[in-house]
Amino acid sequence: MAKAAEAKNIASDLGEADVFFADIARAKLGDWEALQTVGAREWARLKPLNENLLPMLPYYADST
């Protein structure tokens, strides 16, 4: 989608499709050190913060 929307920075951060999906697989396994794309490494860096913020959102509490 990022490429189709010509969002060049996002497309660059996510990398090619095969690398992007490989990073998803690595993330599911918790293999943070092996993440290859800028986007995946940024996501991994922010994941703990996101886990702390989600419970503060009203819609999150309603869905759990």
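**Salt bridges and surface of a four-helix chain**

R45 and E42 both belong to helix α3, which spans residues 38–53, and they sit 3 residues apart, about one turn of the helix. The model described here is predicted. Between these two residues there is a salt bridge, in which the closest N and O atoms are 2.9 Å apart. The side chains of R45 and E42 are also joined by a polar contact of 2.9 Å. The two partners fall into separate accessibility classes: R45 counts as exposed, at 55% relative accessibility, whereas E42 is partly exposed, with a relative accessible area of 35%. R45 counts as exposed because its 55% lies over the 50% cut-off. With respect to the rest of the chain, the C-alpha atom of R45 is separated by 9.2 Å from that of W32, a residue 13 positions away along the sequence.

A salt bridge is also found in helix α3 between the side chains of K47 and E51, with an N to O distance of 2.2 Å. K47 and E51 are 4 residues apart, again about one turn of the helix. K47 is partly exposed, with a relative accessible area of 25%. E51 is likewise partly exposed, and its relative accessible area is 45%. Both values lie between the 20% and 50% limits, so neither residue is classed as buried or as exposed.

In helix α2, which covers residues 17–29, D23 and R26 are 3 residues apart and so are separated by about one helical turn. Their side chains meet in a salt bridge, with 3.1 Å from N to O. D23 is buried, with a relative accessible area of 3%. This assignment follows because 3% is under the 20% cut-off for burial. The count of salt bridges comes to 3. Side chains of opposite charge can pair when their charged atoms come close.

Helix α3 also contributes to a nonpolar part of the surface. L46, a residue of helix α3, forms a nonpolar patch together with L49, L53 and M56. The combined accessible area of these four residues is about 390 Å². L46 itself counts as partly exposed, at 36% relative accessibility. This value is over the 30% required of a patch member, so L46 meets that condition.

Taken as a whole, the chain contains 4 helices and 0 strands. Along the sequence these elements follow the pattern α-α-α-α. Of the 64 residues in the chain, 14% are buried, and D23 is one of the buried residues. The accessible surface of the chain amounts to about 5,200 Å². Carbon and sulfur atoms account for 61% of that surface. Among contacts between residues at least 6 apart in sequence, 13% join residues that are at least 24 apart.

In summary, the predicted model is a chain with 4 helices and 0 strands. Salt bridges join D23 to R26, R45 to E42 and K47 to E51. The D23 and R26 pair lies in helix α2, while the R45 and E42 pair and the K47 and E51 pair lie in helix α3. The nonpolar patch is formed by L46, L49, L53 and M56.

Notes. Residues numbered from 1 in each chain as written. Predicted model: local features only at pLDDT ≥ 70, side-chain atom pairs only at ≥ 80, totals over all residues. Heavy atoms only, no water. Helix = DSSP H or I, 4+ residues; strand = E, 2+ residues; numbered from the N terminus. Buried < 20%, exposed > 50% of the residue type's maximum accessible area, 1.4 Å probe, protein only. Patch = residues over 30% accessible without salt bridge, like charges linked within 9 Å, V, L, I, M, F, W, Y side chains within 5 Å. Areas by Shrake-Rupley, 256 points an atom, 1.4 Å probe, with all protein chains shown as cover. Polar contact = N/O pair within 3.5 Å; in protein donor to acceptor, adjacent residues only side chain to side chain. Contact = heavy atoms within 4.5 Å.
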